[in-house]
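This report describes selected features of a single protein chain for a reader who has the sequence and the coordinates at hand.

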Amino acid sequence: MKNLLILSGVIGLVSLVACEDHEVIPPPVPIVDLKCACDAVINDSTVQCTDACRYFSNKTIVSGGLSTAKYSTTIQKNNLVHGVKLEIMTLEWSDDGSNTPTLEQWQTFFDNMMTPGYATGSITNGVVVTWTDPNNKNWVSDTGGVCFSDFNFVSMVQDSDTTGDYMMFEAAFNCKLKNSDYGVTDSIKCLENGYIKSAFRLE
C-alpha cells in the first residue's frame, strides 16, 4: 500500500511537470539592411551624405490603359537639408486594381535598367540626379557640353521584410548639374566620381 502511494505521487508529479506551459519563442523577423551613403566631387568640392534614407514613388493610375510609376530615394545627413536624390523612370504596367505593379514586373523593370541614360527634356526614361546644396537650391542632372556623363548600377539586390519590398543598389555616375536660382540661367557644375548606396521601395 505504501509503495502504491509513492508510485501514485510520482505519477502525479510527472503529470504536473508535463502540463506546465512552455514559453514559445518566435523566430527572429528578417530585417532588410537599408544602409545608405553617397559621395561625389562637385566642382572640386567633396560632397558626402549618410544616415538618412527616404523612399518615394510617383504613380499615375490609368484604368483600361498603361499605368506608370517613378521611384526615387533621397540620401541626406541627419538634420541637414542638403543631400542627393536619385529618381528612376518610367515603369509601365496594366493595373489590376491594386494600384501597384507586381513584384515580378518591378524586378523586370530594374533588370533592364542597369545602364540607364539621364532623363532630360523630352527623354522620359532613365535617371535623374538632384543635388540639394547647403543653401537648399537644387542642381539637376543634364547631359552634353562641358561635363562627362554616364550612369551604371554596380549592383542590384531585391529583398523584402515586414516593412515592404526593396531593390537595394549601388551606383557609380558622372553628370552635368544645372541650376538657375542664383541669377545665372543654366549655371553649370560638373559632378564626378559619384557613388550612391541606397534602395527603392515598391509601393
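The sections below treat the disulfides, the cavity, the aromatic pairs and one loop residue in turn.

**Disulfides**

The model is predicted. By the distance rule applied to cysteine sulfur atoms, the count comes to three disulfides. Counted along the chain, the bonded cysteines follow the pattern 1-4, 2-3, 5-6. The table sets out the sulfur separations and the torsions about the S-S bonds.

| Disulfide | S to S distance | S-S torsion | Hand |
|---|---|---|---|
| C36 and C53 | 1.7 Å | -115° | left-handed |
| C38 and C49 | 1.5 Å | about 80° | right-handed |
| C147 and C190 | 1.9 Å | -80° | left-handed |

The disulfide of C36 and C53 has its sulfur atoms 1.7 Å apart. This pair links distant parts of the chain: C36 belongs to the loop between α1 (2-18) and β1, whereas C53 belongs to strand β3 (residues 52-60), and 17 residues separate them. C36 has a relative accessibility of 10% and therefore counts as buried, the limit being under 20%.

C38 and C49 are joined with a sulfur-to-sulfur distance of 1.5 Å. Because C38 is part of strand β1 and C49 of strand β2 (residues 45-50), the pair ties together parts that are 11 residues apart in sequence. Both ends of this link are buried: the relative accessible area is 5% for C38, and the relative accessibility is 1% for C49.

In the disulfide of C147 and C190, the sulfur atoms lie 1.9 Å apart. Distant parts of the chain are again linked, with C147 in the loop between β7 (138-142) and β8 (150-161) and C190 in strand β10, 43 residues apart. C147 is buried, at a relative accessible area of 9%.

C175 takes part in no disulfide; the nearest cysteine sulfur belongs to C147 and is 7.8 Å away. Since the cut-off for a disulfide is 2.5 Å, that separation does not qualify. C175 is itself buried, with a relative accessible area of 0%.

**The cavity**

One cavity of 30 Å³ or more is present in the structure. The largest cavity holds about 30 Å³ of space. Its lining is made up of C38, D39, A40, V47, V84, F173, Y195 and I196. Two elements, β1 (37-42) and β10 (187-202), give two or more residues each to this lining. Strand β1 provides the largest share, three residues. By class, the lining comprises seven nonpolar residues, no polar residue and one charged residue. The charged residue is D39, because Asp is classed as charged. C38 thus appears in two settings, as a lining residue of the largest cavity and as a partner of C49 in a disulfide.

**Aromatic pairs**

A pair of aromatic rings is described by the distance of the centres and the angle of the planes. The structure holds 13 aromatic pairs. One of them is formed by Y71 and F110, which are tilted, with 6.5 Å from centre to centre and 50° between the planes. As Y71 lies in strand β4 (residues 66-76) and F110 in helix α2, the pair ties together parts that are 39 residues apart in sequence. Y71 and F110 are both buried.

The rings of F151 and F153 have centres 5.1 Å apart and planes at 70°, so this pair is edge-to-face. F151 is buried, with a relative accessible area of 3%, and F153 is buried as well, with 5%.

Ring pairs also link a set of residues into a cluster, consisting of Y71, W106, F109, F110, Y118, F151, F153, F169, F173 and F200. F173 belongs to this cluster and also lines the largest cavity.

**A119 and its surroundings**

A119 is placed in the loop between α2 (103-111) and β6 (126-132). The residue has a relative accessibility of 10% and so counts as buried. When neighbours within four places in sequence are left aside, the contacts of A119 are M89, T124, N125, G126, V127 and V128. The C-alpha atoms of A119 and T90 are 9.8 Å apart, while the two residues are separated by 29 residues along the chain.

Notes. Residues numbered from 1 in each chain as written. Predicted model: local features only at pLDDT ≥ 70, side-chain atom pairs only at ≥ 80, totals over all residues. Heavy atoms only, no water. 1 Å grid on protein atoms, 1.4 Å probe; cavity = no way out; pocket = protein on both sides within 12 Å on 5 of 7 lines; lining within 4 Å. Points joined across faces, edges and corners; volume = space filled by probe spheres on them. Helix = DSSP H or I, 4+ residues; strand = E, 2+ residues; numbered from the N terminus. Buried < 20%, exposed > 50% of the residue type's maximum accessible area, 1.4 Å probe, protein only. Contact = heavy atoms within 4.5 Å. Phe/Tyr/Trp six-rings, centres within 6.5 Å; stacked < 30°, edge-to-face > 60°.
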